[in-house]
Amino acid sequence: MHFRTRAIHVGQDRDPQTGAVVPPIHVASTFVQPGAGEWGQFDYSRSGNPTRKSFETTLASLEGGYGALAFASGMAATHCVTMLLNAGEHVVAGADIYGGTYRLLHKICNRSGIAVSLVDTTDLKALKAAIRPETKLLWLESPGNPLMSISDLAACAQIGHEHGLLVGVDNTFATPVLTRPLELGLDIVMHSATKYIGGHSDVLGGALVVGTKELYDRLYFVQNATGGVMGPFESFLASRGLKTLELRVREQSRTALQLAEWLVADRRVKRVLYPGLPNHPGHAIAKRQMSGGFGAMLSFETTGGFDVTKRVCESTQLFQLAVSLGAVESLIEQPASMSHASYDRAARLEHGITDELIRLSVGLEAFEDLRDDLDQALMKAGL
Ligand SMILES: Cc1ncc(COP(=O)(O)O)c(C=O)c1O
């Protein structure tokens, strides 16, 4: 079956009792056992829940994985992966990662004796050089956040595997519509389901998808032991989101490309970071590893400083000033003061996240309306 057919039918069986075409939301926290010491398919909702299972089954099919695990948030999903590591071990992560992942690695994992090095994973030589004997995990993000860097996932996975590492990627920006990392040889795909999967800014969730039973079992053990699972109502919303994922992502990506092309031609804009532009350093790789679009996230730098850039973000009317991304409504934000404020300033600037940078999450509105909104906001900010 095609992607969009699986998104609607796999894991979403009609209810056998009532014939309801949408599976019911199972809110029970516990399930009757066939006998003392005998286990049915479900026993306790932290360990497994039918509504969560439906979502996990659909997502695993869309990513081409053995199985998926759904979490209370994207960070709970990433944290679960880091809990596979022991004290004294080391993580290599991309420099262009979500601020919350940076915080988790530098300010939580370090307390358990896990070291981290950030490296530009678009530079394969630098990546090789960052791997140490105690490195166990390579954590990627492509497109990166907020600079839209494109890492060659297949090449990174090969290097990681040559050194015996687990290789995972935060696939939130690309979604399985555009990139399926397990098919490129990676071990773990992570999603903030809060974003494109939910798609309507009304659910918080996360997920991991893996290619093997062995890895699924290890992660399941940690998830069940630590408990950050997705609830049944969120699982229902995430399943509903998956049904329109392909249509939304394709259309939003198309509008993002139009906006990127418009911004490139504008003198008030210093540079535009979008992998769909031919002059983007990762364009050739993106063309190969993203199918049918380059995503709906784009960043650009204004020719003003911090304050003027802040004013641009505060002057849009359709683009709403908010962190997060991936929903039908367009959002605007200044990474320096918002999504990436948890970076140390020096580290932020070193990684190219400047004060003039603006990040857009392009929604489902019409291109012309979004263009006009940016135009008036740039003008209002004095540019
Ligand atoms: C790329 C990316 N990964 C992970 C996360 C964390 O997800 P959550 O907010 O669902 O914990 C976010 C949230 O903004 C994100 O943008």
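In this predicted model, G67 stands opposite V210 in strand β7, and that pairing is a convenient place from which to describe the surroundings of β7. Strand β1, residues 67-71, is joined to β7 by five bridges and runs antiparallel to it. Strand β6, residues 188-192, is likewise joined to β7 by five bridges in the antiparallel sense, with H191 standing opposite A207. The two pairings are set out below.

| Strand paired with β7 | Residues | Bridges | Sense | A residue pair |
|---|---|---|---|---|
| β1 | 67-71 | five | antiparallel | G67 and V210 |
| β6 | 188-192 | five | antiparallel | H191 and A207 |

In a regular strand the side chains alternate between the two faces of the sheet. In β7, G206, L208 and V210 point one way while A207 and V209 point the other way, and all of these residues are buried. Because five of the five residues of β7 (206-210) are buried, the strand is largely enclosed by the rest of the structure. Leaving aside neighbours within four places in sequence, A207 is in contact with L59, A68, L69, A70, F71, A77, H191 and A193.

One of those contacts, A77, is among the buried residues of helix α3. Nine of the nine residues of α3 (74-82) are buried, so this helix, too, is largely enclosed by the rest of the structure. The buried residues of α3 pack against β1, β6 and β7, and also against α4 (99-107), β5 (166-170) and α8 (213-226). G74, which belongs to the buried set of α3, is also one of the residues closest to the ligand, together with S73, Y98, S192 and T194. The ligand is surrounded by 15 residues, and by class this shell has five nonpolar, nine polar and one charged residues.

In soluble globular proteins, nonpolar side chains tend to be buried together. The largest nonpolar core here has 104 residues, of which A70, F71, A207, L208, V209 and L298 touch the most other members. Helix α10 (residues 245-264) supplies the largest share of this core, seven residues, and the core draws at least three residues from each of domain 1 and domain 2.

The protein chain is divided into domain 1 (3-243) and domain 2 (245-380), whose C-alpha centres lie 25 Å apart. Their contact takes 33 residues from domain 1 and 37 residues from domain 2. On the side of domain 1 that touches domain 2, the elements giving two or more residues are α1 (3-9), α4, α7 (175-178) and α9 (232-243), and the residues of that side divide into 18 nonpolar, ten polar and five charged.

An open sheet of five strands, with mixed pairing, has the order β8-β9-β12-β11-β10. Its edge strands are β8 (269-273) and β10 (320-321), each of which pairs on one side only. Strand β10 pairs with β11 (residues 331-333) in the parallel sense over two bridges, and the bridge partner of Q320 in β11 is L331.

Finally, A284 lies in helix α11 (residues 283-289). With 13 other C-beta atoms within 10 Å, A284 is partly exposed, because a residue counts as buried at 20 or more such atoms and as exposed at 12 or fewer. A284 and Q252 are 32 residues apart in sequence and 21 Å apart in space, C-alpha to C-alpha.

Conventions. Residues numbered from 1 in each chain as written. Predicted model: local features only at pLDDT ≥ 70, side-chain atom pairs only at ≥ 80, totals over all residues. Pairing = 2+ DSSP bridges. Helix = DSSP H or I, 4+ residues; strand = E, 2+ residues; numbered from the N terminus. Near = placed C-beta within 6 Å. Nonpolar A, V, L, I, M, F, W, Y, C, P; charged D, E, K, R; others polar. Core = buried A, V, L, I, M, F, W, Y, C linked by C-beta atoms within 7 Å. Domains from an automatic or database assignment. Contact = placed C-beta atoms within 7 Å.
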